[in-house]
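Reader: I have a model on the screen and would like to learn how to read it. Where should I begin?

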Amino acid sequence: MEPVYYMPGCAFELYKKETSEKFLTYLRKHFPNIQRYDTCCRHPSTLPEDSRVIYVCSSCAMRLRDQDATLKLQSLWNVIHTFGDYPLPDYHGRKVSLHDSCTAKSTPIIHQDVRQLLKDLNFDLVEVKAHGMNSQCCGDSLYPDHSPEEVLAAMKNRAASMPCEDVVVYCISCMNAIKRGGRRPLLLTDLVLGEETVPPSENIDEWYGKLVEYIEKH
């Protein structure tokens, strides 16, 4: 039996740890031997070669892929769609736009997985011009090398490009950026569970202070 790991990612754990646990409970139905993997992707991987890793964060997937080509990386979105037994809400054709994360730009399978899940959730996706492999940065990656004014301007620019007020995201940093930019972010994990997306109220320095502290401990 191949080793299987669930990697929620640091930012997701900080945002809603209880949500992370709900997905692990579901995954155990299909992968009885699954284990949590909480080592941050910014640290050297301690995963055994040829392990299957079910990830939530595209940044985790990108960094693990660079560290160990033997790992079988599978998004949580793909797992939910493939088994088809998760009690998904029906959003009745609600119109939304979608922001693709920078760390997923070179991985079209993530774009496909997310869009398939949005179909399963019965959303009407109105694509922004710059999407998929041509996606535009949400502005978050400019921090902390640029001034707060430049970072906010980039966030507002990306948010303003969205055709819809509601913008689906699958990255915590993108969620925060879209909110600061003036649109309403809908985090994919929240949508799957039928929960409200509530971005952290801290300013960007406070949020990243908490995130760095969490990463150092994991």
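Author: Begin with burial: a residue counts as buried when its relative accessible area is under 20%. Keep in mind that this is a predicted model.

Reader: How many residues of α7 are buried?

Author: Helix α7 has ten residues, and eight of them are buried, so the helix is largely enclosed by the rest of the structure. The buried ones are I172, S173, C174, M175, N176, A177, I178 and G181.

Reader: What do the buried residues of α7 pack against?

Author: Their partners are the helices α1 (10-15), α6 (148-160) and α9 (204-217), together with the strands β7 and β8. After α7 comes G182, which has a positive phi, near 110°.

Reader: Next, a strand. Which residues of β7 lie on each side?

Author: Strand β7 covers residues 166-169, with D166 and V168 on one side and V167 and V169 on the other. All four are buried, and both faces of the strand are thus covered.

Reader: Which strands pair with β7?

Author: Strand β5 (residues 94-98) runs parallel to β7 and is joined to it by two bridges. Here L98 is opposite V168. Strand β8 (residues 184-187) also pairs with β7 in the parallel sense, over four bridges. In that pair, D166 is opposite R184 of β8.

Reader: How does the chain cross from β7 to β8?

Author: The path goes through helix α7 (residues 172-181), making a β-α-β crossover that is right-handed.

Reader: Now the empty space. What is the volume of the largest pocket, and which residues lie nearest its centre?

Author: The largest pocket has a volume of about 510 Å³. Its lining has 30 residues, and those nearest the centre are R42, C57, S59, C171 and S173. Elements giving two or more residues to this lining are α1, α3 (58-67), α7, α8 (188-193) and α9. By class, the lining divides into 20 nonpolar, seven polar and three charged residues. S173 thus appears twice in our tour: as a buried residue of α7 and among those nearest the centre of the largest pocket.

Reader: How many cavities of 30 Å³ or more does the whole structure have?

Author: The search finds one. About 70 Å³ of space lies in the largest cavity.

Reader: Which residues line the largest cavity?

Author: The lining consists of M7, P8, G9, C10, E13, Y37, D38, T39, C40, C41, C60 and Y214. Eight of these residues are nonpolar, two are polar and two are charged.

Terms used. Residues are numbered from 1 along each chain as its sequence is written. This is a predicted model: local features need pLDDT of at least 70, side-chain atom pairs count only at pLDDT 80 or more; totals for chains, interfaces and linings use all residues. Side-chain values use heavy atoms; hydrogens and water are left out. Buried means under 20% relative accessible area, exposed over 50%, partly exposed in between (1.4 Å probe, protein chains only). Two strands pair if DSSP finds at least two bridges between them. A crossover is right-handed if, with the strands pointing away from the viewer, the path from the first strand over the helix to the second runs clockwise. On a 1 Å grid over the protein atoms alone, a cavity is a set of points where a 1.4 Å probe fits but cannot get out, and a pocket is an open set with protein on both sides within 12 Å along at least five of seven lines; lining residues have an atom within 4 Å of a point. Grid points are joined across faces, edges and corners, and a volume is the space filled by probe spheres set on the points. Ala, Val, Leu, Ile, Met, Phe, Trp, Tyr, Cys and Pro count as nonpolar, Asp, Glu, Lys and Arg as charged, and the others, Gly among them, as polar. Contact means heavy atoms within 4.5 Å.
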